[in-house]
Amino acid sequence: MTTASTSFIDRRTVIDWLGIVPFMVFALAFLIVPTLYLIVGAFFNPAGEFTFQNIVDLFSPSILGAYWISIRVSVASALGGALIGFFLAWAVVLGGVPSWIRSSLLTFSGVASNFAGVPLAFAFLATLGRTGLVTVLMRDWLGFNLYSTGFNLLSFFGLTITYMFFQIPLMVLILTPALDGLKKEWREASEILGASSWQYWRMVVLPILWPSLMGATLLLFANAFGAIATAFALTGASLNIVPILLYAQIRGDVLHNPNLGYALALGMIVITGISNILYIWLRTRAERWQK
Amino acid sequence: MSFLVLDSIKKSFGQTQVVKDFNMSIEKGEFVSFLGPSGCGKTTVLRMIAGFESPSDGAISINGKNQNTLKTNQRNIGMVFQAYALFPNMNVFDNVAFGLKVAGKSKTEIETRVKEMLKLISLDHLADRYPYQMSGGQQQRVALARALAPKPQVLLLDEPLSALDAKIRVSLREEIREIQRQLGITTVFVTHDQEEALSISDRVVVMNAGRADQIGTPSEIYNRPTTRFVASFVGTLNIIEATVIDPAANTVKVGENTIRLRESIGALKGGDKLSIALRPEAGSLLENAKGDTSLTGQVISSHFLGSVIRTKLEVGGNQISFDMFNSPDAVLPQSGETLTLRFNAHDFLIIRD
Amino acid sequence: MKAHKIFAWLAIAIGAIYFFVPLIGTFEFSLRMRRGVYSFDAYQSVFTDAQFRATFGFSMLMAMVTIVVGMLLIVPTAYWVRLRLPQMRPVVEFITLLPLVIPAIVIVFGYLRLYNSSSWIPFTGSTQGTNILLTFSYVTLALPYMYRSVDTAMRTIDVRTLTEAAEILGAKWPTIMFRCIFPNVMSGVLSGAFITFAIVMGEFTMAALLNRPAFGPYLQLVGANKAYEPSALAVIAFAITWLSMGLIQLVSRFSKLTPSRP
């Protein structure tokens, strides 16, 4: 392969750029252009005129309500997942438990974080539904009727605990490497300088960890926000979260305005996009300190 | 009056005994090095002084106070780690201030003291920098300032220079010694590098397999090693197999040469084998050199190493390495040449295993 | 340190309960089909359901096709950006992360508007066309995972040096690709393949909105209509996911890769 030419576009460079074409065509056709189509469409009305009306309509009570519920479920499951996930990750990395527990937990987390969607809904229905195992056991062993307290799996709370089944493992998977990065010497240095455990955690560990913690929580939030299958299978269309609203819109134009559907999608992209950008920014900050 | 006393310290991890009956008294303001190969237990002893490990047996006391019941953060000891261990989320100022902050000192006290420390290590212009923005040598100096800021009673250094470039190692070890002298703080320095230990210590402890083989000044350790291990670990050493001629007269035979040793041979008979040791720089080729003994042998090889010319001689079945300083008109000994080495009988050391 | 350990074990206990109870509950529920007695009736019902076999088979096929198409697209691309066009690497990596940011439902919405029967590439105009579109949508969903597995494997074996060695020995690029590169990144390819398999088998949104008879929509349908079969299906789905992850572990353990250090 001789490239003795001195011309501006030489053969090798052309081939170089050609090699990337299949991927680029794919990405454009099946990822970028469809998304852009929706984003652009959000700013037009059915008559083809440019308008901001769709964006304005997003703030109507029913749609805003859908966003609000989505945000609440996502925040709740993200925080719950983050909290429990953090303690689990801490337990296996720094808690002094046998190493087989750590590898089991990580393997299981790998599986559980992928076990979302419809089967997850079934699993929780079978456990905490009206005739679910736990409900029945609580009634038979503890004399405690779960459903009489007003608890219902098919609700905001029910969806949150269901989501946490994959949020917790996701947090464990993200946080374990960050906790591994805490050097043993930092703890020893802080001890010999006179600090108590609590001071070490407050002054050294939490500041070092918080970008990873915040970032992971944001990731969990975005993850929950975009999810639909579990919610659909669990609550049917009764819990009005944004993905379900969008689903109904796609299926049957319930909003009677296709462009409003685009705006709905745009809203979702904006929210998940911002979360991910923040996550990446925080992760870069965290990595800088781990040199 | 001994300041830091280690009394019959033993440490086992499971079935392995890592430190076997270690005893040492260190004076106030003394700079002591623990020297030895990896796994000899020197870091373990250091960590026991710090409180990270507790001795399986024995007691450690500082200034008369038994440390066994004190937790690490109650001992008021400063430590510098091999991996610097600076807190990455804090800048230089905050790192150095950490021990003071934790002790609840006032803001002005902290500021004065930190500035003082930064001046001591000549890094006051870097107070705002973060660890990831600094070189290894700079980070280690900050670590030193951080350890010294709370005015500890003892300073511990765990192979602090091992992670640094050769040039920095030399300049930093001198800086450490200088600061230590200025502050008069009792210091324990762990290293596997004998040049480090010999050049800056008041006393050196040579450790081998959990035991202190010899404790002495650098000169004593080097010139009068008491065990074969110390003799071979510290500096290069020729170990010569000699045959006893007359125990009463302390004479031995090496090849065709008779040597009268200054040390008493002790409970050996004529014909017994004896190991004696000789430093490469001990002898001289000069005809009129001072010395009451000589060794004659054949040159095997000779190498020009820059400031030193190293010649290998064959004497009575032994290979003896012999160094002489280079000079512009020095002539390299030729292979096969017969050379006579002159030295003093007391340059020989008897190695009793 | 004692208090530490107690808390650690407590955290683990809570984690274990949270994870195992739903799984146990699902399994127990799936055994309840026959009144009063534990039996595998629900499983029997599922396995004899023609719809189950049809949709399971369809999703399996889709998964295989997705893996093949995906790998044919990704392995050369990952190789190319490592060797010939490193300046495009950040762009490619960013693109492979987009499917994690843009929700699947938004993506498929875009497809439906862009490629419906009245647009200029009418994928959804025919069943075959829709299947093709579904395949590409699955490739898009699996893109982050497939790319990351393959890219990591390539980084580990230092493709640049391998290629240069092969070139000096006279190999042409197809030979290099198929005889030198592919075999060595096989563990990365397989890992990516297994994750893709798990994703495609469980996928609901794309298949439902594109109206294809995949396993995901079938699950949802059963959930809406039957009582005990859903939990049996959930157990089966979990087993599939577990199997895929297990195979990934196996593959990485038996991989002949060791990082090459200069």
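This is a dialogue on reading the chain contacts, cores and two local features of a predicted model.

Colleague: Where should I start with the chains, and which pair has the most contacts?

Modeller: Start with which chains touch. Two pairs of chains do, and the most contacts are between chains A and C. Chain B and chain C have no contact, and their closest C-alpha atoms lie 12 Å apart.

Colleague: How many residues does each side put into the contact of chain C with chain A, and what is the area buried there?

Modeller: The size of an interface is often given as the accessible area lost when the parts come together. Here, about 6700 Å² is buried between chain C and chain A, with carbon and sulfur atoms giving 80% of that area. Chain C contributes 72 residues to the contact and chain A contributes 73. On the chain C side, the residues that lose the most area to chain A are Tyr18(C), Phe19(C) and Phe109(C), which together account for 11% of what that side buries.

Colleague: What polar features cross the interface of chain C and chain A?

Modeller: One salt bridge is found across it. Its partners are Arg84(C) and Asp16(A), with the closest N and O atoms 2.5 Å apart. Between these two chains, 14 residue pairs are in polar contact, counting pairs with both residues at pLDDT 80 or more.

Colleague: Which helix of chain C gives the most to that side?

Modeller: Helix 1 of chain C does, with 19 residues. Several other helices of chain C supply at least two residues each, including helix 3 (50–83), helix 6 (127–157) and helix 12 (229–253). By class, this side of chain C divides into 50 nonpolar, 17 polar and five charged residues.

Colleague: Now the other pair. How many residues of chain B are in contact with chain A, and what area is buried?

Modeller: The contact joins 23 residues of chain B to 20 residues of chain A. The area buried between them is about 2100 Å², and carbon and sulfur atoms give 70% of it.

Colleague: Which side chains form the salt bridge between chain B and chain A?

Modeller: Glu188(A) and Arg47(B) form it, at 2.8 Å from N to O. The count for this pair of chains is one salt bridge, alongside five residue pairs in polar contact, again with both residues at pLDDT 80 or more. On the chain B side, the elements giving two or more residues are helix 1 (42–50), strand 6 (77–80), helix 2 (92–102) and helix 4 (136–148). Helix 2 of chain B has the largest share, four residues. By class, the chain B side has 16 nonpolar, four polar and three charged residues.

Colleague: Is helix 2 of chain B largely enclosed or largely open, and why?

Modeller: To judge this, count the buried residues. Helix 2 of chain B is largely enclosed by the rest of the structure because eight of its 11 residues are buried. Among them are Asn95(B), Val96(B), Phe98(B) and Leu100(B). The cover over the buried residues includes helix 9 (184–192) and helix 10 (197–226) of chain A, as well as helix 3 (107–120) and helix 4 of chain B.

Colleague: What caps the N-terminal end of helix 2 of chain B, and what follows the helix?

Modeller: Asn91(B) is the cap, with a side-chain oxygen 3.2 Å from the backbone nitrogen of Phe93(B). After the helix comes Gly104(B), which has a positive phi near 80°.

Colleague: How many residues are in the largest nonpolar core?

Modeller: In soluble globular proteins, nonpolar side chains tend to be buried together. In this model the largest nonpolar core has 224 residues, and Phe22(B) and Phe34(B) have the most contacts inside it. Helix 3 of chain C gives the most to this core, 15 residues. A second, separate core has 35 residues, Val96(B), Leu120(B), Ile121(B) and Leu172(B) among them.

Colleague: What does Phe34(B) touch?

Modeller: Leaving out residues up to four places away in sequence, Phe34(B) touches residues including Phe22(B), Met24(B), Val190(B) and Met207(B).

Colleague: One polar case to finish. Is Ser275(B) buried or exposed, and which side chains does it meet in polar contacts?

Modeller: Ser275(B) has a relative accessible area of 9%, so it is buried, the cut-off being under 20%. The residue lies in strand 14 (residues 273–278) of chain B. The side chain of Ser275(B) makes a polar contact of 3.2 Å with that of Arg228(B) and one of 3.3 Å with that of Glu241(B). Ser275(B) also touches residues including Ile239(B), Leu349(B) and Ile351(B).

Terms used. Residues are numbered from 1 along each chain as its sequence is written. Chains are lettered from A and ligands numbered from 1 in the order in which they are written. Side-chain values use heavy atoms; hydrogens and water are left out. Buried means under 20% relative accessible area, exposed over 50%, partly exposed in between (1.4 Å probe, protein chains only). A polar contact is a pair of N or O atoms within 3.5 Å; within protein, one must be able to donate a hydrogen and the other to accept it, and residues adjacent in sequence count only if both atoms are side-chain atoms. Contact means heavy atoms within 4.5 Å. Buried area is the accessible area (1.4 Å probe) that two parts lose on being put together, summed over both. A salt bridge is a side-chain nitrogen of Lys or Arg within 4 Å of a carboxyl oxygen of Asp or Glu. Ala, Val, Leu, Ile, Met, Phe, Trp, Tyr, Cys and Pro count as nonpolar, Asp, Glu, Lys and Arg as charged, and the others, Gly among them, as polar. A nonpolar core is a set of buried Ala, Val, Leu, Ile, Met, Phe, Trp, Tyr and Cys residues joined through side-chain atoms within 4.5 Å.
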